[in-house]
Amino acid sequence: MRLSKFHLATVKEVPADAEIASHRLMLRAGMLRKHAAGLYTWSPLGFKVLKKVEAVVREEMDRAGALELAMPTIQPRELWDETGRWQKFGGQLLKIKDRKEAEYCYGPTAEEVITDFARSELKSYKQLPVNFYQITPKFRDEIRPRFGVMRAREFLMKDAYSFHVDEASLGREYDNMYATYARIFTRLGLAFRAVAADTGAIGGSRSHEFQVLADSGEDAIAFSDASDYAANVELASALAPGPRAAAREAMREVPTPGKATCADVAALLGIDIRRTVKSVCVVGENGFVLALVRGDHDVNEVKLQKIPGLAEYRLANEQEIIAALGAKPGYLGPVGADRKKVRVIADREVAAMADFVVGANKADFHIAGVNWGRDLPEPDAVADIRKAIEGDLSPDGKGRLKIARGIEVGHVFALGTKYSEAMGATVLDTDGKNRPMQMGCYGIGVSRIVAAAIEQNHDDAGIVWPEPMAPWRMAVCVINPKNDAKINEAASALYGELNAAGIETCLDDRGLRPGAMFADIELIGIPHRVVVSERGLAASTFEYRGRRDAESRNLTREELFARLG
RNA sequence: CGGGGUGUAGCUCAGCCUGGUAGAGCGCUACUUUCGGGAGGUAGAAGUCGGAGGUUCGAAUCCUCUCACCCCGACCA
């Protein structure tokens, strides 16, 4: 591509609210143009990159044996009613009506449609296993779109759905997809980690996320420093605590005026915060619940939701708290609570504590030396309800947990029969019996990968593309093309030869001043650059510089081609 | 949905408090001098000041309503 014929639209200034590097750089490089919250046009430059990512995903999916198809982006309500997700999916589902007032949604995912397709196409175990995929726009009406295409409302996603006669077959395809994803992200040149994940709204039994590691990531992931254990913090557990120690202290009330946090109370009493207990009040389906975690821990909402009766809990408001416990937040605790009205759920760590400190349910007082069984009844339930933190013992007993941040770019789920049962997608097995197909689903956020790659690969000058997704691998820059036809010819010739050699190259023949030209080429992240000028021409060398190099070097034509291999 | 903020030229913003009929930088057009790290000069095009209503002799500016966008929170592949 000759850049004089290309729509390269770099800009110097960018809105102050573009907060993260990828969003800022995509705007500066002119890859994106926003029309409304979470809705973007990909410019020719941005689209080129998006297509590169898409191509890698497609190649690897095809290689893995999946079959590409295309489903409609607009989906009828009837299918979503069959699985109950018309209601359950919530506000993220964009609902629309046609002229006849019939209801549809813009597809945020396609389990319903593919299952509808599968139940009419697949009748026999002999047609299985099969894995269908598509790479199409999806729409989720995000509560808060942000960070450019990182969390857009319309985005490009590869979604794949596999069908199996039994769980063993599903397990094999799950492993196949897991390996395929690892290959895709490796090929794209990204530093990533596969982590065990919560199955969330999609449902299912087994699930892994593929996280691109980046400090700006919205997800926290926990991994062991001594084993391959890795999980989203939503799911990550610490090793279960040992048995409870014996009580040694007497229970006593202590004044703690104005000390409403565990950290303040611990400091006042001169004790380790790990001897305090934090009380969190929520309201579940069956009423008021007091959830207890150690003072230095936080409640994990996802884990708490898994407790029976708390699937749709919310935080209690102050009136409800005062009605249930008789005190305001900051001085709450389980001691003396009316257990008919208040269900006490203790984190495993809390259940294993002795001689601990809790709020007294009385303003400005706490109770120290508290012990389960002696001073209050045992918890109504004990479960792992806390967030794992850095330094926790890994649940496999090997090493300690570290916490890193990541950007979720892929997710694999073993769905089981959740959708096939709801929608009656069955096949005849070898015994001639109808049985619901086992399903897996496998998503990759194609547009998000572009942003994630920039988060991981940029510097002060701009984007530093991994080669597989760069819009061009090489840029040939011409200095003062107007002054000297020979320079122009030499540059054109080199440009033609590089492309002929399979090295995708752009020619910067826009006639810009060198400074502006170099700044643009660096901003848009081209991995390799050659400058053609009077100087080099005289010496029969080309001035080469890699995007990450500090300085240029003069190479002969042979050296240059050898380097790009 | 709760709290906060912003809408003025293609872009980034100033002007608003204290009302007098709109500015800067970048970009764009023409000419010119430049020409190896975002050049300089000259001339120029370009804005119903998000929308509606109100107050006023007069509204970008004050008031009311409304729409859009952004931030924090709750929520989320």
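Strand S21, which covers residues 401–416, has twelve of its 16 residues buried, so the strand is largely enclosed by the rest of the structure. Burial here means a relative accessible area under 20%. The model is a predicted one, and the values below are computed from it.

**Strand S21 and its partners**

S21 pairs with strands S10, S11 and S24, as set out in the table.

| Partner of S21 | Residues of partner | Sense | Bridges | Residue pair |
|---|---|---|---|---|
| S10 | 206–213 | antiparallel | eight | Glu-209 with His-411 |
| S11 | 219–224 | antiparallel | six | Ala-220 with Arg-405 |
| S24 | 438–445 | antiparallel | six | Tyr-442 with Val-412 |

The pairing of S10 with S21 is antiparallel and runs over eight bridges; within this pairing, His-411 of S21 faces Glu-209. S11 is joined to S21 by six bridges, again in the antiparallel sense, and Arg-405 of S21 lies opposite Ala-220. With S24, S21 forms six antiparallel bridges, and Val-412 has Tyr-442 of S24 as its bridge partner.

**Chain and domains**

Chain A contains 16 helices and 31 strands. Of its 565 residues, 53% are buried. The C-alpha trace spans about 95 × 65 × 50 Å along its principal axes.

The domain assignment divides chain A into domain 1, made of residues 3–237 and 403–454, domain 2, made of residues 252–383, and domain 3, made of residues 472–564. The centres of domain 2 and domain 3, taken over C-alpha atoms, are separated by 67 Å.

**Strand S14**

Strand S14 spans residues 277–284, and seven of its eight residues are buried, so this strand too is largely enclosed by the rest of the structure. S14 pairs with strand S15 (residues 287–294) through eight bridges in the antiparallel sense. A hairpin of two residues connects S14 to S15, and Val-277 is placed opposite Arg-294 of S15.

A further pairing of S14 is made with strand S16, residues 314–315, where two antiparallel bridges are found. In this pairing Val-283 stands opposite Arg-314 of S16.

**A three-stranded open sheet**

Three strands form an open sheet with the order S13-S19-S18 and antiparallel pairing. Strand S13 (252–255) and strand S18 (356–359) occupy the edges, each having a single partner strand, so one side of each has no neighbour in the sheet. From one strand to the next, the twist averages 30°.

S18 and strand S19 (residues 365–370) run antiparallel and are joined by three bridges. Phe-356 has Val-370 of S19 as its bridge partner.

**The cavity**

A search of the whole structure yields one cavity of 30 Å³ or more. The largest cavity has a volume of about 40 Å³. Its lining consists of Met-71, Pro-72, Thr-73, Gln-75, Gly-107, Thr-109, Ala-110, Gln-134, Thr-136, Pro-137 and Lys-138. Strand S7, residues 130–139, contributes the most to the lining of the largest cavity, with four residues. By class, this lining comprises four nonpolar, six polar and one charged residues.

**The second largest pocket**

The second largest pocket has a volume of about 540 Å³. Its lining is formed by 26 residues, of which Pro-15, His-23, Leu-27, Lys-34 and Tyr-40 lie nearest its centre. Helix H1 (21–28), strand S1 (32–36) and strand S2 (39–42) each provide at least two residues of the lining of this pocket. S1 gives the most, with three residues. The lining of the second largest pocket divides by class into twelve nonpolar, seven polar and seven charged residues.

Key
Residues are numbered from 1 along each chain as its sequence is written. Chains are lettered from A and ligands numbered from 1 in the order in which they are written. This is a predicted model: local features need pLDDT of at least 70, side-chain atom pairs count only at pLDDT 80 or more; totals for chains, interfaces and linings use all residues. Side-chain values use heavy atoms; hydrogens and water are left out. Buried means under 20% relative accessible area, exposed over 50%, partly exposed in between (1.4 Å probe, protein chains only). Two strands pair if DSSP finds at least two bridges between them. On a 1 Å grid over the protein atoms alone, a cavity is a set of points where a 1.4 Å probe fits but cannot get out, and a pocket is an open set with protein on both sides within 12 Å along at least five of seven lines; lining residues have an atom within 4 Å of a point. Grid points are joined across faces, edges and corners, and a volume is the space filled by probe spheres set on the points. Ala, Val, Leu, Ile, Met, Phe, Trp, Tyr, Cys and Pro count as nonpolar, Asp, Glu, Lys and Arg as charged, and the others, Gly among them, as polar. Domain bounds come from an automatic or database domain assignment. Axes are lines fitted to C-alpha atoms, for helices over the stretch in contact, and angles run from 0 to 180 degrees between N-to-C directions.
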